[in-house]
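Thank you all for making time this morning. Please have a look at the sequence and the coordinates before I begin, and keep the viewer open while I talk.

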Amino acid sequence: HDPELPALKKFQRFFDVTGRWKTDHKAYLLALVHIWHSDDNAIVRQKVQASTIKHVAPLLTQIIQQGITEGILTTPFPDQVAAMILFLLQGLGESFVELLLSTEPKLVALQQAKQVVAAYTYALEGLLGAPEGSLNLVDAVTLGEWFI
């Protein structure tokens, strides 16, 4: 809600804080991953996703609208893009889980994770109409903490 903070910095803080929280709770999250991703929890995952969109998307919409006002974002669909961002982040998380559970050597998984982050970042910047390279969904240090 800081009116002095530019929209892209707000987005970056959102990604950084989310990533840091997950990394700080890595052991807990890894312990839950098999249970959370079991078929028995599919409905719960769907309900959590719907609740997240309901509560978080309006906050992201405000940041998107601020970015449009600042002239740094160009999307004509701020409400829909806010929800799409959350869907993208869920997809990114699913990709990470798949890589974390794979039998690939950790360095191979890390390289694949870097490609996944680059692709999702590209998609996100495109949805927002943000300049290329203006956002970083997951920094290299955080990726290293998960895959090395």
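I will go through the confidence, one helix pair, a group of aromatic rings, and then a few single residues.

Let me begin with the caveat that this is a predicted model, and with the confidence figures, which for this protein are a mean pLDDT of 93 and 100% of the residues at 70 or more. If we go element by element, helix α2, residues 26-36, has the lowest mean pLDDT, at 86, while helix α5, residues 106-128, has the highest, at 95.

Staying with α5, I would like to look at how it packs against helix α6, which covers residues 140-147. Two packed helices are described by the angle between their axes and the distance between the axes. For α5 and α6 the axes come within 10 Å and cross at roughly 140°, and the crossing is right-handed. Which residues meet there? From α5 we have Lys-106, Ala-109, Leu-110, Ala-113, Lys-114 and Val-117, and these meet Leu-143, Gly-144 and Phe-147 in α6. Sorted by type, the residues of this contact are 6 nonpolar, 1 polar and 2 charged.

Next, the aromatic rings, where the count comes to 3 aromatic pairs. One of them is formed by Phe-11 and Phe-15, whose rings are stacked, with 6.1 Å from centre to centre and 25° between the planes. The pair is called stacked because planes under 30 degrees apart count as such. Along the chain, Phe-11 and Phe-15 are 4 residues apart in helix α1, residues 7-24, and are therefore separated by about one helical turn. Are these two side chains buried or exposed? Phe-11 is buried, with a relative accessible area of 0%, and Phe-15, at 5%, counts as buried as well. Ring pairs also bring in Phe-14, linking Phe-11, Phe-14 and Phe-15 into a cluster.

Phe-15 comes up again when we turn to Asn-136, a residue in the loop between α5 and α6. Leaving aside neighbours within four places in sequence, Asn-136 is in contact with Gln-12, Phe-15 and Asp-16. Its relative accessible area is 33%, and Asn-136 is therefore partly exposed. The C-alpha atoms of Asn-136 and Tyr-122, which are 14 residues apart along the chain, are separated by 9.6 Å.

The loop between α5 and α6 also holds Glu-132, and this residue is exposed, with a relative accessible area of 74%. Measuring sticks aside, the computed C-alpha to C-alpha distance from Glu-132 to Leu-60 is 19 Å, with their positions 72 residues apart in sequence.

I will finish with two buried positions in other helices. Val-97 sits in helix α4, residues 78-101, and at 17% relative accessibility counts as buried. Not counting residues up to four places away in sequence, Val-97 touches Val-33 and His-37; the C-alpha atoms of Val-97 and Val-33 are separated by 7.5 Å, although the two residues are 64 apart along the chain.

Gln-49, in helix α3, residues 42-70, is buried too, with a relative accessible area of 14%. With the sequence neighbours up to four places away again set aside, Gln-49 touches Phe-87 and Gln-90, and for Gln-49 and Gln-90, 41 residues apart along the chain, the C-alpha atoms are separated by 8.2 Å.

Key. Residues are numbered from 1 along each chain as its sequence is written. This is a predicted model: local features need pLDDT of at least 70, side-chain atom pairs count only at pLDDT 80 or more; totals for chains, interfaces and linings use all residues. Side-chain values use heavy atoms; hydrogens and water are left out. pLDDT is the predictor's confidence in each residue, from 0 to 100. Axes are lines fitted to C-alpha atoms, for helices over the stretch in contact, and angles run from 0 to 180 degrees between N-to-C directions. A crossing is left-handed if the near helix is turned anticlockwise from the far one by less than a right angle, and right-handed if clockwise. Contact means heavy atoms within 4.5 Å. Ala, Val, Leu, Ile, Met, Phe, Trp, Tyr, Cys and Pro count as nonpolar, Asp, Glu, Lys and Arg as charged, and the others, Gly among them, as polar. Rings of Phe, Tyr and Trp (its six-membered ring) pair if their centres lie within 6.5 Å; planes under 30 degrees apart count as stacked, over 60 as edge-to-face and the rest as tilted. Buried means under 20% relative accessible area, exposed over 50%, partly exposed in between (1.4 Å probe, protein chains only).
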